[in-house]
Each structure stands twice: as structure tokens, then as C-alpha cells.
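Colleague: I'm new to this one and would like a close look at a single spot where the two chains meet. Could you pick a residue there and walk me through what surrounds it?

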Amino acid sequence: MINELLFMNGYGTYVLSAFGFTLLSFSSLYFITKLQFAKEQNKFVAKFGSLDSEKANSAKSQRINKEILADATNN
Amino acid sequence: MFKLLEPNKIFQITSKAPRYVLFLFVVVLTVGLTEALILSPEDYKQSDAVRIMYVHVPSAWISLGIFSSITLLSISGFIFKNKNFFLIAKSLASSGFVFNIIALVTGAIWGKPTWGTWWAWDARITSMLILALFFALYLIAWRIYEKEEKVFKITTFITVIGIINVPIIKYSVDWWNTLHQPASINLLTKSSIHSSMLFPLLIMTAAFALFSLLIFLMKYNTELIKIKNKGLDRL
């Protein structure tokens with residue numbers, strides 16, 4: 001049964017390599033994008049940490065900055 | 001109306017959405033793969049080689065859809081002087097490019113058992129290759145140019161020229177004699193594909209669309225944080 005599924009009347013190599021290439025492309029794009037996101041997020045957290053209290057308070061007044069920090073701590 | 005498209009408001013949604021979209025994508029992809037590889041019937045002429053259609057066709061559709069969206073967003077960004085349109089377009093481009101490459105590679109893999117060749121310089125395949133070059137040019141332009149106004153102008157120019165190629169891709173199989181078969185699915189007239197093959201094809205298209213949405217959200221969030229990083233530098 002499994003052999004039949006993989007053999008696909010002699011077209012198994014073509015079919016599985018097409019699906020394999022697609023899934024490999026998907027996972028590469030996903031992990032590269034995730035890495036880029038984590039890099040920017042870490043850069044933001046580090047920059048935020050180096051601000052003095054006055055600047056940090058001013059930056060924190062923006063909702064989006066709070067969201068980024070909350071998201072970074074959740075991950 | 002465009003106030004709704006402000007990054008600050010959008011980030012509240014886009015920062016939480018990827019985990020749900022990822023979950024939905026995995027579920028729909030699992031159903032799609034089961035249908036495409038196991039449950040759907042083989043073709044009377046192409047036998048099991050027809051299963052390549054379930055990754056090839058959705059990839060081609062989505063890459064064309066993304067390029068058209070990028071063009072529309074770039075032109076809108078230019079007309080309404082809204083930076084966010086360019087940001088959305090930029091975030092869509094990488095997944096569009098990857099889908100275009102998948103369509104080309106899986107098409108070559110499909111070509112070998114059905115046409116006896118990996119590649120032919122026929123109108124459909126060549127025009128898809130040209131689309132990949134436009135995607136590449138678009139992405140390279142964002143990397144090369146740093147001044148916002150310049151990159152907005154250049155990327156819009158690339159998409160406006162590139163969009164001419166989209167109807168050529170669509171109608172190439174009707175206008176010229178090509179190795180590539182004509183469209184089996186038509187929204188206006190009756191489709192020539194059987195429902196037992198159409199159903200898995202639509203599920204795989206939904207899965208691929210969810211994947212491009214997932215990548216878009218992650219890229220868009222990255223772009224927003226990049227802007228905020230620049231903002232912290234200015235404090």
C-alpha cells in the first residue's frame with residue numbers, strides 16, 4: 001500500500017520532488033522571515049534598554065512601542 | 001479613511017495574527033496534502049503526474065495575484081501619498097517571488113514526464129520567467145536605494161512596467177501555439193476540470209494563500225519595528 005502510494009505508477013519521483021521542493025521553499029522562507037523579525041525585535045529591546053528614564057517614558061507613551069515590548073517578552 | 005491603515009493601529013492586530021494564521025495554514029495544508037496525494041484520482045492521460053498540478057497551479061495563481069496587488073498598492077501609494085501602501089507592497093513581494101520560483105520549478109518537474117523536456121522557451125513559461133525577473137528587480141530596488149522617495153518611484157516604475165506582462169501570461173496559451181495547455185478553470189464559462197480534482201486544487205490554493213498571508217504579516221511587523229527602531233535613534 002505504502003509502496004504503491006510512493007511509486008505513483010512510476011511518477012513518484014517527479015510528484016514527490018515537486019511537493020518536496022514546495023515544502024522546502026515554504027520552510028526556508030518561514031524561518032528566514034522569523035529570524036529577520038526576531039533580529040529587529042531584539043535590536044528594539046536593546047535600544048529601549050539603553051534609553052534614560054525620561055526618554056524611555058516618552059517612548060513608552062506610544063502604544064505601538066508598548067506592544068512591541070510586550071510581544072518580545074511573550075516570545 | 002486611511003487613518004484606519006495607520007501602522008500604530010494595524011500593529012495591534014498584525015502582532016497577534018501570525019500564530020492563528022500559522023495554525024490554520026497547518027490544518028488546511030494537511031487536508032490539502034491528503035486530498036492531493038492520496039484521495040484525488042489519477043488522470044486518464046497523465047496518470048499520477050497530474051498531482052504536480054496541486055502545487056504548480058496555486059503557486060502560479062498566487063504569484064500573479066501578489067504582483068497585481070503590489071502594482072495596485074504602489075500606484076495607490078503614489079496617488080494618495082501614503083507610505084503605508086508601499087510598506088504593505090514590500091511585505092508581500094518576497095512570498096510572491098518564492099511562489100513564482102515554485103511555479104517555475106514544479107512546472108519544469110511536470111514538463112519532464114509529460115512533454116519529455118524540463119524546459120521549453122514557450123510563451124507561458126518564458127513570460128513566467130520574466131515575471132520572476134520583475135519580482136527580483138523589485139526586491140533588489142528596496143535593498144539598493146535608501147532614500148524613501150527614490151525607492152518609491154523606482155519600485156512603482158518596476159511594477160507598472162511588469163504588470164504589462166500579467167495579461168501576456170494569462171492569454172499566452174490562447175495567443176500563441178504553446179506546449180503549455182490552455183486554462184482548465186474559467187470563472188465565466190464552464191470549467192473542464194472534474195470536481196474530484198477541482199476540490200483538492202481549491203484547498204491547496206487556500207493553504208498557499210494562508211501561507212502568503214502569514215509571511216506578509218511577519219514581514220509587515222518586521223518593517224514596523226524597523227521604523228520604530230529608527231524612531232528610538234531620533235529620541
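Modeller: Let's take Ile52(B). Leaving out residues up to four places away in sequence, Ile52(B) touches Tyr14(A), Val15(A) and Ala18(A) on one side of the story, and Thr106(B), Ile109(B) and Trp110(B) from its own chain. Keep in mind that this is a predicted model.

Start with the partners from chain A. Tyr14(A), Val15(A) and Ala18(A) are among the buried residues of α2(A). Follow that helix along and the buried list goes on with Thr22(A), Phe26(A), Leu29(A), Thr33(A), Phe37(A), Glu40(A), Phe44(A) and Phe48(A). Why might such a spacing turn up? An α-helix has 3.6 residues a turn, so residues three or four places apart point the same way. The helix α2(A) has 38 residues and reaches 54 Å from its first C-alpha to its last, close to the 56 Å expected at 1.5 Å a residue.

Now zoom out to the contact between the chains. It takes 35 residues from chain A and 36 residues from chain B. On chain A's side, the elements giving two or more residues are α2 (12–49), α3 (53–60) and α4 (63–74). Of these, α2(A) gives the most, with 21 residues. Sorted by class, that side of chain A has 18 nonpolar, nine polar and eight charged residues.

Back to Ile52(B), which is also one of the residues with the most contacts inside the largest nonpolar core, along with Ala89(B) and Met204(B). That core has 69 residues. Helices from both chains feed it: α2 and α4 of chain A give two or more residues each, and so do α2 (17–39), α3 (53–80), α4, α5 (123–144), α6 (148–162) and α8 (195–234) of chain B. In soluble globular proteins, nonpolar side chains tend to be buried together.

One of those contributors, α4(B), deserves a look too. This helix covers residues 83–115 of chain B, and its 33 residues should span 48 Å at 1.5 Å a residue; the end C-alpha atoms are 46 Å apart, which agrees. Along the way, α4(B) bends by about 30° at Ala93(B). The helix is mostly covered, with 24 of its 33 residues buried. Right after α4(B) comes Gly116(B), with a positive phi near 85°.

As for the chain around all this, chain B has eight helices and zero strands. Its radius of gyration is 20 Å, close to the 18 Å that the globule rule gives for 235 residues, so chain B is as compact as a globular protein of that length.

Technical notes:
Residues are numbered from 1 along each chain as its sequence is written. Chains are lettered from A and ligands numbered from 1 in the order in which they are written. This is a predicted model: local features need pLDDT of at least 70, side-chain atom pairs count only at pLDDT 80 or more; totals for chains, interfaces and linings use all residues. Two residues are in contact if their C-beta atoms, placed from the backbone, lie within 7 Å. Helices (H or I, at least four residues) and strands (E, at least two) are DSSP runs, numbered from the N terminus. Ala, Val, Leu, Ile, Met, Phe, Trp, Tyr, Cys and Pro count as nonpolar, Asp, Glu, Lys and Arg as charged, and the others, Gly among them, as polar. The expected span of a helix is 1.5 Å times one less than its number of residues. The bend at a residue is the angle between axes fitted to the seven residues ending there and the seven starting there. A residue is buried if 20 or more other C-beta atoms lie within 10 Å of its own, exposed if 12 or fewer, and partly exposed in between; C-beta atoms are placed from the backbone. A nonpolar core is a set of buried Ala, Val, Leu, Ile, Met, Phe, Trp, Tyr and Cys residues joined through C-beta atoms within 7 Å. The radius of gyration is taken over C-alpha atoms; the globule rule is 2.2 Å times the number of residues to the power 0.38.
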